[in-house]
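User: Please take a close look at a single strand in this structure. I would like to know what it pairs with and how covered it is, with a word on the main pocket afterwards.

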Amino acid sequence: MTVVAPEWAADLFGIPFKDRGRTYEAADCWGVLRLGLAKPRFGVHLPELAEGYAGTEAPDGPQIATMIRAQLDRGIWHPIAKGAEGEGDGILIRMHGFAMHVGMVLVPSLGVHTMTTTGSVLLRYREFLHRDTVLGFYRHQDLMDRAHA
């Protein structure tokens, strides 16, 4: 069975990559997650977090990982068991050896993320290639009472 990205997520693909970008014109991984969760379907407005790091390459890993950990420690992101993730859940991904990259679940097994070389693209996070890089799934507090796909 082929799983396809939902129609509501179409505008999340093809966004050019830009460090600290937060718009449909250009975004980094946090920017794409912000855009996705700000859709009326979810109505979650994440902080901008555009300060505190220089870029998204390996040397920036410790700063970005610290920023992500601070968001998780605030208690508004709840861990979701692998296999129980649903649309709108955040995906925490290891990159350059650090928990410094995020994506968003569109439907179970498919997400969206962005890279410097590709812009925002489909992420088949259950495939072998990503098996060891996906660190976990997190649901925003505002979505905890909603039914998920």
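Analyst: Two strands count as paired here if DSSP finds at least two bridges between them. The model is predicted, and the part examined is strand β4, residues 90-95.

β4 has pairing partners in β5 and in β8, the strand of residues 134-140. With β5, the pairing is antiparallel and consists of six bridges. One position to look at in this pair is Leu 92, which lies opposite Val 102 of β5. β4 and β5 form a hairpin with two residues between the strands, and His 96 in that hairpin has a positive phi near 55°.

The pairing of β4 with β8 is also antiparallel, this time over four bridges. Here Ile 91 has Phe 137 of β8 as its bridge partner.

As for cover, β4 is mostly hidden: five of the six residues in the strand are buried, where buried means under 20% relative accessible area.

Now the pocket. The largest one has a volume of about 260 Å³. It is lined by 20 residues, and those closest to its centre are Cys 29, Thr 56, Ile 64, Met 100 and His 101. Two or more lining residues come from each of α1 (29-38), α2 (61-73), β5 (98-107) and β6 (110-115). β5, the hairpin partner of β4, is thus one of the elements that contribute to this lining. By residue class, the lining has twelve nonpolar, five polar and three charged members.

How values were computed: Residues numbered from 1 in each chain as written. Predicted model: local features only at pLDDT ≥ 70, side-chain atom pairs only at ≥ 80, totals over all residues. Heavy atoms only, no water. 1 Å grid on protein atoms, 1.4 Å probe; cavity = no way out; pocket = protein on both sides within 12 Å on 5 of 7 lines; lining within 4 Å. Points joined across faces, edges and corners; volume = space filled by probe spheres on them. Nonpolar A, V, L, I, M, F, W, Y, C, P; charged D, E, K, R; others polar. Buried < 20%, exposed > 50% of the residue type's maximum accessible area, 1.4 Å probe, protein only.
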